[in-house]
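Could you walk me through this model in the viewer, one selection at a time? I would like to know what to click on next and what is there.

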Amino acid sequence: MNPDQIDVVIARRTFQVKGGREAELIIGAPQPFTDGDYFRPFQVTGLGDARVYYAGGVDAYQALILALKKITIHLLTLPEVVNGEVQWLDGSEPNLGLLASP
């Protein structure tokens with residue numbers, strides 16, 4: 001159990017960044033805390049600091065829901081995203097195809 005790393009990847013999404021670069025969202029499998037709650041790690045590479053973040057919940061499902069909300073807030077507040085330099089697919093998906101409202 002280490003919230004600072006992703007042991008098993010369960011989902012990935014690749015974004016196109018202005019200038020021909022790519023960024024990637026990586027979501028890890030749920031892992032238990034020692035108290036019985038769960039956390040779900042995630043990381044964004046190619047934008048920001050590439051640090052592994054996590055969201056915790058009372059069970060694996062809640063950890064997933066909270067991670068998706070936290071991912072949305074994290075990504076949509078990065079300067080490159082705010083400035084319109086990042087897109088998903090052909091750019092027609094609002095909010096990078098993430099949750100519309102965290």
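Here is a short tour, from the whole chain down to single side chains.

**Start with the whole chain.** Keep in mind that this is a predicted model. Show everything as a cartoon and colour by secondary structure: you should find two helices and six strands. Following the sequence from its start, the elements come in the order β-β-β-β-β-α-α-β, so a colour ramp along the chain is a handy second view of this pattern.

**Now look at the overall dimensions.** Switch to the C-alpha trace, which spans about 45 × 25 × 20 Å along its principal axes. How does the radius of gyration sit against the value for a compact globule? For 102 residues the rule gives a value near 13 Å, and the chain has 14 Å, which agrees.

**Turn on the surface.** The accessible surface of the chain is about 5,800 Å², and carbon and sulfur atoms account for 52% of that. Of the 102 residues, 34% are buried. If you draw contacts between residues at least 6 apart in sequence, 40% of them join residues at least 24 apart.

**Select the charged side chains.** Colour them by sign and you will have 8 positive and 12 negative ones. The centres of these two sets lie 3 Å apart. Side chains of opposite charge can pair when their charged atoms come close. How many salt bridges does the count give? The count comes to one salt bridge.

**Zoom in on that pair.** Select arginine 12 and glutamate 24 and show them as sticks: their side chains form a salt bridge, at 3.2 Å from N to O. Arginine 12 belongs to strand β1 (residues 9-17) and glutamate 24 to strand β2 (residues 21-28), so the bridge ties together parts that are 12 residues apart in sequence. Add the surface again to compare the two partners. Arginine 12 has 51% relative accessibility and counts as exposed, because the cut-off for exposed is over 50%. Glutamate 24, with a relative accessible area of 21%, is partly exposed.

**Finish at the helix.** Select residues 60-76, which make up helix α1, and pick out histidine 74 within it. Is this side chain's residue, histidine 74, buried or exposed? Histidine 74 is buried, with a relative accessible area of 17%, since buried means under 20%. To see what lies around histidine 74, show Val44 and Tyr53 as sticks: these are its contacts once neighbours within four places in sequence are left aside.

Methods. Residues numbered from 1 in each chain as written. Predicted model: local features only at pLDDT ≥ 70, side-chain atom pairs only at ≥ 80, totals over all residues. Heavy atoms only, no water. Helix = DSSP H or I, 4+ residues; strand = E, 2+ residues; numbered from the N terminus. Rg over C-alpha atoms; globule rule 2.2 N^0.38 Å. Buried < 20%, exposed > 50% of the residue type's maximum accessible area, 1.4 Å probe, protein only. Contact = heavy atoms within 4.5 Å. Areas by Shrake-Rupley, 256 points an atom, 1.4 Å probe, with all protein chains shown as cover. Lys, Arg positive; Asp, Glu negative; His and termini not counted. Charge placed at Lys NZ, Arg CZ, Asp CG, Glu CD. Salt bridge = Lys/Arg side-chain N within 4 Å of Asp/Glu carboxyl O.
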